[in-house]
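Reader: I am new to this structure and should like to understand the terms used to describe it. Please show it to me before we begin.

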Amino acid sequence: PIMNSESLRLVSIHDRAQLHQFFLRDPALFLYELGDLDDFYFENTVYYGLCDIGTKQLKAAMLQYVAEPPAVLLIMDDGNFPLQKELLQRILPFLSHRIYIHAPQHLVDDFSSFYDIIKDHGPHHRMFLADKSRIQTILAESAVPLGSKDVDEISKFYENHYPGNFFDPHMLETNMYFGLRSSGVTGELLAVAGIHSFSATYKVAALGNVAVHCGHRGKGLSKLIVA
């Protein structure tokens, strides 16, 4: 039901238990929002919400991640368009001056009144692993762990083979980045995969930064590195 906007209060939410309960409605849809509740990310987040003044119940929520410029605003389409639009209109004056926005198409026009330049990066396709048995037969022993010591090599790899990739070097500290090399642990990088969000506490992981060397594609390397 559409609620009267006067009965809704704009809030900045710091209660992780409240946010966790709200986003558990659809873990696949709100995977980033759940993962960023983890201690590793939470200090770099701002969770905005609309709260029912009478019941104190959270009705809508959006996440702004501010660790690295540009900030990232995540708006997942949960089917409640009126509340999403209401929340977005209220938080627009508080958002970062330069921002990357992940939003449903029907909300894109709302940003034009606050931002002079809007660049469309196209549709964002998300996949959810519902059947874990599908990866249990993939032999991925050749993958080697990557960390902060490899940041320059990884950055150069993305520059050459995945230009425009959204890579936050801070994520290497999660120890959730892996690579395939031409030989052993010191050979040339042939593939890299990591995460955009990960939390053992909240039992979610968003894989990202997956790239294969331009000269070695079509060999199944992305399957190995993701597994």
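Reader: What makes the order 6-7-8-9 an open sheet?

Author: In this predicted model, four antiparallel strands are arranged in the order 6-7-8-9. Strands are DSSP runs of E of at least two residues, numbered from the N terminus. Strand 6 (144-146) and strand 9 (204-212) each have a single partner strand, so one side of each lacks a neighbour in the sheet. Neighbouring strands are turned by 25 degrees against each other on average, direction ignored.

Reader: How do you know that strand 6 and strand 7 pair?

Author: Pairing requires at least two bridges found by DSSP. Strand 6 and strand 7 (residues 177-181) have three bridges, in the antiparallel sense, and therefore satisfy the definition. P145 has F178 of strand 7 as its bridge partner.

Reader: What does helix 5 touch?

Author: Helix 5 (residues 151-161) packs on the sheet and touches strand 6, strand 7, strand 8 (189-199) and strand 9; contact means heavy atoms within 4.5 Å.

Reader: Why are the buried residues of helix 5 said to be on the same side?

Author: Buried means under 20% relative accessible area, exposed over 50%, and partly exposed in between (1.4 Å probe, protein chains only). I154, F157, Y158 and H161 are the buried residues of helix 5. They cover an arc of only 95 degrees around the axis, so they lie on the same side of helix 5; the arc is that of the directions from the helix axis to the C-beta atoms. D152 and E159 are exposed, on the face turned away from the buried side.

Author: Residues are numbered from 1 along each chain as its sequence is written. Local features need pLDDT of at least 70, side-chain atom pairs count only at pLDDT 80 or more, and totals for chains, interfaces and linings use all residues, while side-chain values use heavy atoms, without hydrogens and water.

Methods:
Axes are lines fitted to C-alpha atoms, for helices over the stretch in contact, and angles run from 0 to 180 degrees between N-to-C directions.
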